[in-house]
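Dear colleague,

I am passing on to you the structure we spoke about, together with some notes on the charged pairs found in it. Please have a look at the sequence and the model before reading on.

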Amino acid sequence: MAGISGHLNDGLQLRPSRASDNLFLEALYRDIRQDLQLALADQDMIEALLEMQVKAQAVGYGTAYPNALYYIVEKQGERIGRVTVDFGANEVHILDLALIKGARNKGYGAVVLRAVQSAGAQVMSPVSLSVDPLNVYAKQLYQQLGFRFEKLMGAVERWVWYPQKPSSTS
């Protein structure tokens, strides 16, 4: 499977991530990890912790999913998020989907998820993702898009969407 780059609905576009996106990706990580910002520590320690977390995530994904593809989500040419997808032999796995604060709750995440579902449907491959059991809003979105809870895996839930088999015409 080649991937999911290209123009989507709502003026969104997915493109492969490149080295020039690193500062944006670090800022996005800081934005989504507000819990680390609230730590009772001095700012230098928080910055060191954030930097360490960014590197650990990159190494972890690279080790566990060496064929994963990294995309930047753009809205009318402006970077608003990222999505990381592993196109495996038996399934398409969404490792990560994150949007900047100003782009959340506008339906953009659903547009990106539908694009991944479309890529999975083209090869009749299920699409899976993991979610924090306490993330009620994400789970509602996944359910609306046809994902179903499959099982609890440690501290996260595994959700899967299965493409519909094309109906045969007689």
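What follows is a short account of the salt bridges in this structure and of the residues that form them.

Please keep in mind that the model is predicted. The count of salt bridges comes to 8, and three of these pairs are described below, each with the place of its residues in the chain and the accessibility of each partner. As general background, side chains of opposite charge can pair when their charged atoms come close.

I begin with Arg15 and Glu74, which form a salt bridge whose closest N and O atoms are 2.7 Å apart. This pair links distant parts of the chain, since Arg15 belongs to strand 2 (residues 12–16) and Glu74 to strand 3 (residues 69–75), with their positions 59 residues apart in the numbering. Arg15 has a relative accessibility of 9% and therefore counts as buried, and Glu74 is likewise buried, with a relative accessible area of 10%. Arg15 and Glu74 also belong to a network of salt bridges in which Asp21 and Arg79 take part.

The next pair is Arg158 with Glu91, a salt bridge in which the closest N and O atoms are 2.7 Å apart. Here too distant parts of the chain are linked, 67 residues apart: Arg158 is in strand 8 (residues 156–161), whereas Glu91 is in the loop between strand 4 (78–87) and strand 5 (92–99). Because the limit for a buried residue is under 20% relative accessible area, Arg158 at 14% counts as buried, while Glu91 at 22% counts as partly exposed.

Strand 8 also holds Glu157, which forms a salt bridge with Lys139, the closest N and O atoms being 3.2 Å apart. Lys139 lies in helix 5 (residues 136–144), so that this pair, 18 residues apart, again links distant parts of the chain. Both partners are buried, Glu157 with a relative accessible area of 11% and Lys139 with a relative accessibility of 17%. The side chains of Glu157 and Lys139 are, in addition, joined by a polar contact of 3.2 Å.

As for the surroundings of Glu157, when its neighbours within four places in sequence are left aside, the residues in contact with Glu157 are Leu129, Ser130, Val131, Pro133, Lys139, Phe149, Lys151 and Leu152.

With best wishes

How values were computed. Residues numbered from 1 in each chain as written. Predicted model: local features only at pLDDT ≥ 70, side-chain atom pairs only at ≥ 80, totals over all residues. Heavy atoms only, no water. Salt bridge = Lys/Arg side-chain N within 4 Å of Asp/Glu carboxyl O. Helix = DSSP H or I, 4+ residues; strand = E, 2+ residues; numbered from the N terminus. Buried < 20%, exposed > 50% of the residue type's maximum accessible area, 1.4 Å probe, protein only. Polar contact = N/O pair within 3.5 Å; in protein donor to acceptor, adjacent residues only side chain to side chain. Contact = heavy atoms within 4.5 Å.
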